[in-house]
Each structure stands twice: as structure tokens, then as C-alpha cells.
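Dear colleague,

I am passing on the structure we spoke about, and below it you will find my notes. Please read them with the coordinates open.

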Amino acid sequence: MDIVILGSGRGSNANAILKAWKDGQLGKAQVKAVISDVPDAPILNIAKSYKVPARTIDINANTAKISVVDTNKLIDLTNEFKPKLIVLAGFMKILSHRFIQEYESRIINIHPSLLPSFKGLNAIKRAYERGVKISGCTVHWVSKGVDEGKIIAQLPVRIMDSDTLDSFTQKIHAAEHFLLPEVISQLSFAEN
């Protein structure tokens with residue numbers, strides 16, 4: 001199962017995937033490329049450190065949703081690697097319906113809450129400020145609605161009274177780094 005990772009930021013989830021891949025924990029899955037919409041994103045350096053092609057795509061930074069023109073560029077670049085699975089690992093753009101249709105049932109996302117709670121941006125902070133006692137992370141199939149796709153797996157994280165926003169954020173990220181490679185591994189084995 002060939003994988004392309006899309007990300008915009010520091011790349012901690014991509015690093016967890018790449019480490020699991022190099023350690024032989026993803027079954028027959030092969031990470032073929034990391035693509036970022038941010039030219040100097042740390043995720044690109046992480047990809048290079050694993051000797052995985054790191055590509056940048058020029059997408060309008062002033063909008064959250066990817067335009068038709070940018071969608072065509074993203075599809076062309078993604079198709080170069082012929083992925084069976086696309087993993088959104090901190091990709092901060094809303095994919096167009098056309099992109100989602102092009103890769104229907106082949107795109108997964110990691111979200112830092114127990115969906116359907118706290119969809120969208122700043123989920124960790126919103127859960128913390130709301131005072132929930134259990135949050136977590138969710139891996140789901142990407143659909144046309146933001147964070148509305150079918151849930152694949154979830155991992156709960158307890159918020160302790162002693163937690164700060166920073167410590168709670170670290171706990172959520174640790175859960176994501178465990179859950180996302182685990183789901184990819186299961187999907188890889190299910191494909192065979």
C-alpha cells in the first residue's frame with residue numbers, strides 16, 4: 001500500500017508514521033512522498049531525514065479552502081506517487097470536493113478530539129477550556145464535511161485537574177503518534 005502524507009506544519013505525526021514505517025510496523029505499506037503547502041515547513045525536513053521525497057505545492061496561503069486551480073496542481077503532484085492511501089497529518093487546508101472524489105475512500109485524517117466533539121480548528125484548546133474530563137484523538141475517513149467522515153478509530157485521553165493546556169496538548173499528541181501509525185498498519189494488513 002503506497003502512502004502519500006500531506007502536512008503543513010512541524011510534522012510530528014508524519015515523523016511517527018515514518019518512524020513506524022522504518023521500524024517495519026506498517027506491514028507492507030510504503031511511504032512514497034510527503035507533500036506540504038508550506039515551503040519551509042519542518043515536515044519537509046523530516047521527510048528528507050527518512051530519505052522520502054519531500055515536495056512543496058504552491059497553494060494560496062490566504063484561504064483555508066483549496067481552489068480549483070490549486071486542486072488540479074495537488075492532484076497532479078499526488079498522482080505522481082500513485083498512492084493507495086493519503087494521510088492528512090496536520091494538513092491545514094480544506095480539501096476540495098473534487099480532490100476528495102478523486103481519492104474517494106483513500107484519504108484519512110487525524111483530528112485532536114473525540115469526534116464528533118470539537119470539530120475544526122483549535123480542538124485541543126477548546127476541549128481544555130470547556131473543562132471536559134476526557135478528550136482524545138480520532139482517525140477518520142475524509143468526506144466533504146470538515147471532520148465529518150466515518151470514524152476509523154479513537155483513543156481517549158483523560159484531562160487531569162493538574163493538567164495545563166500545554167501538558168494536555170502533549171498528551172493528545174502522544175496519543176495521535178500512537179494511533180495514526182496503528183490505523184495505517186491495520187489498513188495495510190486489511191488490503192492484503
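In this predicted model, Gly7 has Ser36 of strand S2 as its bridge partner, and that pair belongs to a parallel pairing in which strand S1 (residues 2-7) and S2 are joined over 6 bridges. Strand S2, which spans residues 30-36, is mostly covered, with 5 of its 7 residues buried. Between the two strands lies helix H1 (residues 12-22), and S1, H1 and S2 together form a β-α-β unit that is right-handed.

On to the next strand: S2 also runs parallel to strand S3 (residues 54-56), to which 3 bridges join it, and within this pairing Ile35 stands opposite Arg55 of S3. The chain gets from S2 to S3 by way of helix H2 (residues 42-49), and this β-α-β crossover is right-handed.

Further along the chain, I looked at helix H5, which covers residues 123-130 and in which Ala123, Ile124 and Ala127 are buried. Viewed down the axis of H5, the buried residues fall within an arc of 100°, and they therefore line one face of the helix. This agrees with the general rule that an α-helix has 3.6 residues a turn, so that residues three or four places apart point the same way. As for what they pack against, the buried residues of H5 meet strand S5 (107-111), strand S6 (134-141) and helix H6 (165-191). After H5 comes Gly131, which has a positive phi, near 85°.

With best wishes

Terms used: Residues are numbered from 1 along each chain as its sequence is written. This is a predicted model: local features need pLDDT of at least 70, side-chain atom pairs count only at pLDDT 80 or more; totals for chains, interfaces and linings use all residues. Side-chain values use heavy atoms; hydrogens and water are left out. Buried means under 20% relative accessible area, exposed over 50%, partly exposed in between (1.4 Å probe, protein chains only). Helices (H or I, at least four residues) and strands (E, at least two) are DSSP runs, numbered from the N terminus. Two strands pair if DSSP finds at least two bridges between them. A crossover is right-handed if, with the strands pointing away from the viewer, the path from the first strand over the helix to the second runs clockwise. The arc is that of the directions from the helix axis to the C-beta atoms. Contact means heavy atoms within 4.5 Å.
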